[in-house]
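Thanks for coming, everyone. Please bring up the structure on your screens. I'll walk through it part by part.

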Amino acid sequence: MALPKNNPNLVLGLDVGGTGIKGGIVDLAKGELVGERVRLETPHPSTPAAVGDVLSAITRHFEWKGLIGAGFPGVVQHERLMTATNLDESLIGVDLAHLLHDRTGCRAHVINDADAAGLGEVTHGAGKGRDGVILLVTVGTGLGSALFCNGVLVPNTELGHLKMRDKETGKIRFAEQLAADSVRQRDDLSWKAWAKRFDRYLKYLQRLFWPELIIIGGGVTKKGDKFMPLLTVPCATTLATLGNNAGIVGAAVAAKLHLGNK
């Protein structure tokens, strides 16, 4: 697909996960992908060189020469991965923006993957036009989070690592060890039983941050009708609207915000 040259609204967004790496060209004026989305398998082990190969391959596929934004699963500070969730620990401490630039020749910006999804939803999705405190919770293998106040991101919240008491065993565990979708599947929980756990987690977050809106994202949104009516958290809740493209769109938004005028 031929793309307009020198269009400042176009940014390549990349979403790095433990099993797959997705990419697409985002039109920031619309918050939509232009053309296809590409997905390649995450290499194992996911060393810097191996991940760089995949990111380079996606960039070459699009014949891309402009800005790149990438979301990675883990805490990101000053373009460096400080924790490696579902990725090889050899990536910890690596300047990922430099890695991307070195492999693609493009200017790049890197952000936590849940923060990227949140930026996508706040800018172009379910949180667009909303003020106040907004919290995105992504539900999948774990629980990701992105916190915003009047559109400003508080990065790397990692609220899936809050500790909660397991009512069945009395033990203290990470919230994502109790309420992630992977736990629902592993323990063969009914949607009603899982929703009770997830609702307790959302109420915990509500008491801590008093959000005006909680957006629920991740793969579980495909089954929103199974659990959304069961939630009783005392604030507005809604499903994310960008689906699996939220991380790609948000990574592109972040790159434009950080690099667009440089």
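Of the 262 residues in this chain, 53% count as buried. Keep in mind that this is a predicted model. The accessible surface comes to about 12,500 Å². Carbon and sulfur atoms hold 50% of that surface.

Now the overall build. The chain has 8 helices and 15 strands. Its radius of gyration is 18 Å, close to the 18 Å that the globule rule gives for 262 residues, so the chain is as compact as a globular protein of that length. Along the principal axes, the C-alpha atoms fill a box of roughly 55 × 40 × 30 Å.

What about contacts across the sequence? Take the contacts with a separation of 6 or more. Residues 24 or more positions apart account for 61% of them.

A quick word on charge. There are 30 positive and 26 negative charges in the chain. Their mean positions are 4 Å apart.

Next, the inside. In soluble globular proteins, nonpolar side chains tend to be buried together. Which residues have the most contacts inside the largest nonpolar core here? They are Val137, Phe198, Tyr201, Leu202, Ile216 and Phe227, in a core of 30 residues. Five elements are worth finding on your screens. Strand E9 (133-139), strand E10 (143-149), helix H4 (176-179), helix H6 (191-209) and strand E14 (213-217) each give two or more residues to this core. H6 brings the largest share, 7 residues.

Zoom in on leucine 202. Setting aside residues up to four places away in sequence, Leu202 touches Val137, Ile214, Ile216, Leu231 and Val233. Apart from this core lies another one, with 29 residues. Among them are Leu10, Val38, Val54 and Leu99.

Now look toward the end of the chain. Alanine 246 sits in helix H8, which covers residues 246-259. Is alanine 246 buried or exposed? Its relative accessible area is 7%, under the 20% cut-off, so alanine 246 is buried. What does it touch? Leaving aside neighbours within four places in sequence, alanine 246 is in contact with Ala116, Ala117, Gly120 and Glu121. Look at glycine 125 as well. It is 121 residues from alanine 246 along the chain, yet their C-alpha atoms are separated by 8.2 Å.

Last part: the backbone. I have three spots to show you.

Start with proline 45. It lies in the loop between strand E4 (38-41) and helix H1 (48-61). The peptide bond from histidine 44 to proline 45 is cis, with omega near 5°.

Move on to glutamate 63. It lies in the loop between H1 and strand E5 (68-72). Its phi is near 50°, a positive value in a residue other than glycine. Glutamate 63 has a relative accessible area of 70%, over the 50% cut-off, so it counts as exposed.

The third spot is histidine 78. Where is histidine 78 placed? Find the loop between strand E6 (76-77) and strand E7 (80-81). Histidine 78 is not a glycine, but it has a positive phi of about 50°. Its relative accessible area is 75%, and it is exposed.

To recap, keep two things in mind. The largest nonpolar core has 30 residues, and H6 gives the largest share of it. Glutamate 63 and histidine 78 are exposed loop residues with positive phi. That's my tour.

Note on methods. Residues numbered from 1 in each chain as written. Predicted model: local features only at pLDDT ≥ 70, side-chain atom pairs only at ≥ 80, totals over all residues. Heavy atoms only, no water. Helix = DSSP H or I, 4+ residues; strand = E, 2+ residues; numbered from the N terminus. Rg over C-alpha atoms; globule rule 2.2 N^0.38 Å. Buried < 20%, exposed > 50% of the residue type's maximum accessible area, 1.4 Å probe, protein only. Contact = heavy atoms within 4.5 Å. Areas by Shrake-Rupley, 256 points an atom, 1.4 Å probe, with all protein chains shown as cover. Lys, Arg positive; Asp, Glu negative; His and termini not counted. Charge placed at Lys NZ, Arg CZ, Asp CG, Glu CD. Core = buried A, V, L, I, M, F, W, Y, C linked by side-chain atoms within 4.5 Å.
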